[in-house]
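Me: Please choose one part of this structure and look at it closely with me. I am in my first year, so I would like a single connected explanation that begins at the surface and then goes on to the inside.

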Amino acid sequence: MNSTFRHRDVVFANRLSEPVFVILAYLLAQFSILSISEYFPGDHPILIASISSIFGASIAAILAGTWIDRSNGGRFIGRTKLSGAQFAMCVCGGVVASVVAHTIVLAFPDVGPANPMLAKAFLNKGPAILLAWMASILIVAPVGEEMVFRGAIYGYLSARIGSRIAIFVAALLFVLIHVPQLDGYWPAMLGIFGLGIVAGVAREWTGSLLGAVLVHVAYNSVTMVSVIAGRP
């Protein structure tokens, strides 16, 4: 990774207030929406509320992370351009991680009332819900979640405990924040953890949050296609 941006990561890691600001913005928005889950319509209100909370929390994280990046010389996001090889590798990494996760889900299907990962319970509610989900899964959530987990958390931890452990910790926390949505469905949790690991590696390798976002978008794109293709 470029030494200039590694130095910027170290400088960023020494300022606890910045990652805390991004994390708090994310968590406060998410838990505020989850706290009113009982008012959401449908047979699975907690599922709808959890995905709505991720959408709202991601918006809050994007605003917080963008503000910090602009006020601190771009060291939060890192490099703003990737090479063609880096772009391709990040996309391929996300696709492979998603295919592996989907294979595990198919091998161990959910037996509950709704598969939390595929979320078919609300995708059949109409085109507006479907379009909102697509916008969230392809744009808002990848950017917002990477601002938190590979931006704030990884950025702070990597200079203190090493990049490998930081990647693991960020991926583990990434899974934990999705627990309400996944509802204990371990194949989906394993898939989310795999996504976190690959995104963390991309963040370290490229020296940019854009690498992690690309992995996340590619992962979610494959998931979206498989969900829509599997709808009754």
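**A nonpolar patch and what lies beyond it**

Reply: Phe168, Leu172, Leu173, Leu176 and Val179 together make a nonpolar patch of about 410 Å² on the surface. Please keep in mind, as we go on, that this is a predicted model. Helix 7 gives the patch its largest share, with 4 residues, whereas Val179 has its place in helix 8, which covers residues 179–182. Val179 counts as partly exposed because its relative accessibility is 33%, a value that falls between the 20% limit for buried residues and the 50% limit for exposed ones.

It helps to set this patch against a general tendency. In soluble globular proteins, nonpolar side chains tend to be buried together. In this model, buried residues make up 47% of the 232 residues in the protein chain, and the secondary structure of that chain comes to 10 helices and 0 strands.

From the surface we can turn to the largest nonpolar core, which has 40 residues, and in which Val22, Tyr26, Phe76, Val148 and Phe149 have the most contacts. At least two residues of this core come from each of helix 2, helix 3 (45–71), helix 4 (84–107), helix 6 (127–161), helix 7 (163–177), helix 9 (186–206) and helix 10 (209–229). Helix 7 is therefore a contributor to this core as well as the source of the largest share of the surface patch. The largest share of the core, 8 residues, is supplied by helix 6. There is also a second, separate core of 5 residues, and Leu130, Trp133, Ile137 and Met224 are among them.

Helix 2, one of the contributors to the largest core, shows how a helix can have a buried side and another side with exposed residues. This helix runs over residues 17–34, and its 18 residues reach 25 Å from the first C-alpha to the last, close to the 26 Å expected at 1.5 Å a residue. Its buried residues are Glu18, Pro19, Val22, Tyr26, Ala29, Gln30 and Leu34. Because these residues cover an arc of only 140 degrees around the axis, they lie on the same side of helix 2. On the other side, Ser17 and Leu28 are exposed.

Glu18 brings us to charged side chains that are buried. Side chains of opposite charge can pair when their charged atoms come close. The count of salt bridges in the model comes to 2. In one of them, the side chains of Glu18 and Arg75 meet at 3.9 Å, N to O. Since Glu18 lies in helix 2 and Arg75 in the loop between helix 3 and helix 4, this pair ties together parts that are 57 residues apart in sequence. Glu18 counts as buried because its relative accessibility is 6%, and Arg75 is buried with a relative accessible area of 13%.

The other salt bridge joins the side chains of Arg150 and Glu146, at 2.7 Å, N to O. Both of these residues lie in helix 6, 4 residues apart, or about one turn of the helix, and both are buried. Glu145 is also found in helix 6, and Glu145 counts as buried because its relative accessibility is 2%. Although Glu145 and Ala57 are 88 residues apart along the chain, their C-alpha atoms are separated by 8.3 Å.

Technical notes: Residues numbered from 1 in each chain as written. Predicted model: local features only at pLDDT ≥ 70, side-chain atom pairs only at ≥ 80, totals over all residues. Heavy atoms only, no water. Expected span 1.5 Å × (residues − 1). Buried < 20%, exposed > 50% of the residue type's maximum accessible area, 1.4 Å probe, protein only. Arc of directions from axis to C-beta. Core = buried A, V, L, I, M, F, W, Y, C linked by side-chain atoms within 4.5 Å. Patch = residues over 30% accessible without salt bridge, like charges linked within 9 Å, V, L, I, M, F, W, Y side chains within 5 Å. Areas by Shrake-Rupley, 256 points an atom, 1.4 Å probe, with all protein chains shown as cover. Salt bridge = Lys/Arg side-chain N within 4 Å of Asp/Glu carboxyl O.
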